[in-house]
Amino acid sequence: MQTDSPFNRLATTPAGAVTLEIDGQPFIAREGDSVAAALLAAGAVPSRTTPVSASPRAPYCMMGVCFECLVEVDGLANVQGCMVQVIEGMKVRCQSGARELTEGDFHEAV
């Protein structure tokens, strides 16, 4: 899923490569990158749409404050992509609208 991205990296020491899947397409990210940085580098924006108006959203603050980078990571929805480092074999899906809850999503009160 290599694309031309307006996301430009600063010159740094070379890092290892990690292969992950973004919306079913393989992508090679830098070891140590956050999921949000990998999405930007892949040109995978918007990374989600809002539940009410379906407005496109993409990573913004990159420090866990704005919640604009919510994605599904390895089957877990509403993960802040900027707070999770990429790992080999990770599967990332961009979110569209509201999350659908299933029976396994509910926890009994103790």
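The legends below accompany an overview and several close-up views of a predicted model of a protein.

**Figure 1. Overview of the predicted fold and its confidence.** The secondary structure of the protein comprises 1 helix and 7 strands, which follow one another from the N terminus in the order β-β-α-β-β-β-β-β. Of its 110 residues, 35% count as buried, and the protein exposes about 7100 Å², of which carbon and sulfur atoms supply 55%. Among the contacts with a separation of 6 or more, 45% are accounted for by residues 24 or more positions apart. The pLDDT averages 85 over the protein, with 76% of the residues scoring at least 70; strand β3 (residues 48-49) has the lowest confidence, at a mean of 90, while β1 has the highest, at 95. Where pLDDT is low, the predicted coordinates should not be read in detail.

**Figure 2. Close-up of helix α1 and the strands that cover it.** Helix α1 spans residues 35-42, and 8 of its 8 residues are buried, so the helix is largely enclosed by the rest of the structure. The buried residues are Val-35, Ala-36, Ala-37 and Ala-38, followed by Leu-39, Leu-40, Ala-41 and Ala-42. Their cover includes β1 (17-22) and β2 (25-30), together with β5 (70-73) and β7 (91-96). An α-helix has 3.6 residues a turn, so residues three or four places apart point the same way. Just after α1 comes Gly-43, whose phi is positive, at about 75°.

**Figure 3. Close-up of Leu-39 and the residues it touches.** Leu-39 is part of helix α1, and its relative accessibility of 0% places it among the buried residues, for which the relative accessible area must be under 20%. When residues up to four places away in sequence are not counted, Leu-39 touches Ile-22, Ala-44 and Ser-47, as well as Val-71, Val-92 and Cys-94. One of these partners, Ile-22, is 17 residues from Leu-39 in sequence, and the two residues are 7.8 Å apart in space, C-alpha to C-alpha.

**Figure 4. Close-up of the salt bridge between Lys-91 and Glu-21.** The structure holds 4 salt bridges, and in the one shown here the side chains of Lys-91 and Glu-21 meet at 3.7 Å, N to O. Lys-91 belongs to strand β7 and Glu-21 to strand β1, so this pair ties together parts that are 70 residues apart in sequence. Both ends are partly exposed, with a relative accessible area of 45% for Lys-91 and of 28% for Glu-21. Side chains of opposite charge can pair when their charged atoms come close. The view also takes in Gly-24, which lies in the loop between β1 and β2 and is partly exposed, with a relative accessible area of 43%. Although Gly-24 and Lys-91 are 67 residues apart along the chain, their C-alpha atoms are separated by 7.7 Å.

**Figure 5. Close-up of the salt bridge between Arg-48 and Glu-68.** The side chains of these two residues, Arg-48 and Glu-68, form a salt bridge at 3.0 Å, N to O. Arg-48 lies in strand β3, whereas Glu-68 lies in the loop between β4 and β5, so the pair ties together parts that are 20 residues apart in sequence. Both Arg-48 and Glu-68 are buried. A polar contact between the side chains of Glu-68 and Arg-48 is also listed, at 3.0 Å.

**Figure 6. Close-up of Glu-68 and the network it shares with Arg-48 and Arg-57.** Glu-68 also forms a salt bridge with Arg-57, in which the closest N and O atoms are 3.1 Å apart. Here Glu-68 lies in the loop between β4 and β5 and Arg-57 in strand β4, so the pair ties together parts that are 11 residues apart in sequence. Glu-68 counts as buried, at 19% relative accessibility, whereas Arg-57 is partly exposed, with a relative accessible area of 30%. Through salt bridges that share partners, Arg-48, Arg-57 and Glu-68 are joined into one network. Leaving aside residues up to four places away in sequence, Glu-68 touches Ser-47, Arg-48 and Arg-57, along with Ala-58, Pro-59 and Tyr-60.

Conventions
Residues are numbered from 1 along each chain as its sequence is written. This is a predicted model: local features need pLDDT of at least 70, side-chain atom pairs count only at pLDDT 80 or more; totals for chains, interfaces and linings use all residues. Side-chain values use heavy atoms; hydrogens and water are left out. Buried means under 20% relative accessible area, exposed over 50%, partly exposed in between (1.4 Å probe, protein chains only). Helices (H or I, at least four residues) and strands (E, at least two) are DSSP runs, numbered from the N terminus. Contact means heavy atoms within 4.5 Å. pLDDT is the predictor's confidence in each residue, from 0 to 100. Accessible areas come from the Shrake-Rupley method with a 1.4 Å probe; for residues, only the protein chains shown count as cover. A polar contact is a pair of N or O atoms within 3.5 Å; within protein, one must be able to donate a hydrogen and the other to accept it, and residues adjacent in sequence count only if both atoms are side-chain atoms.
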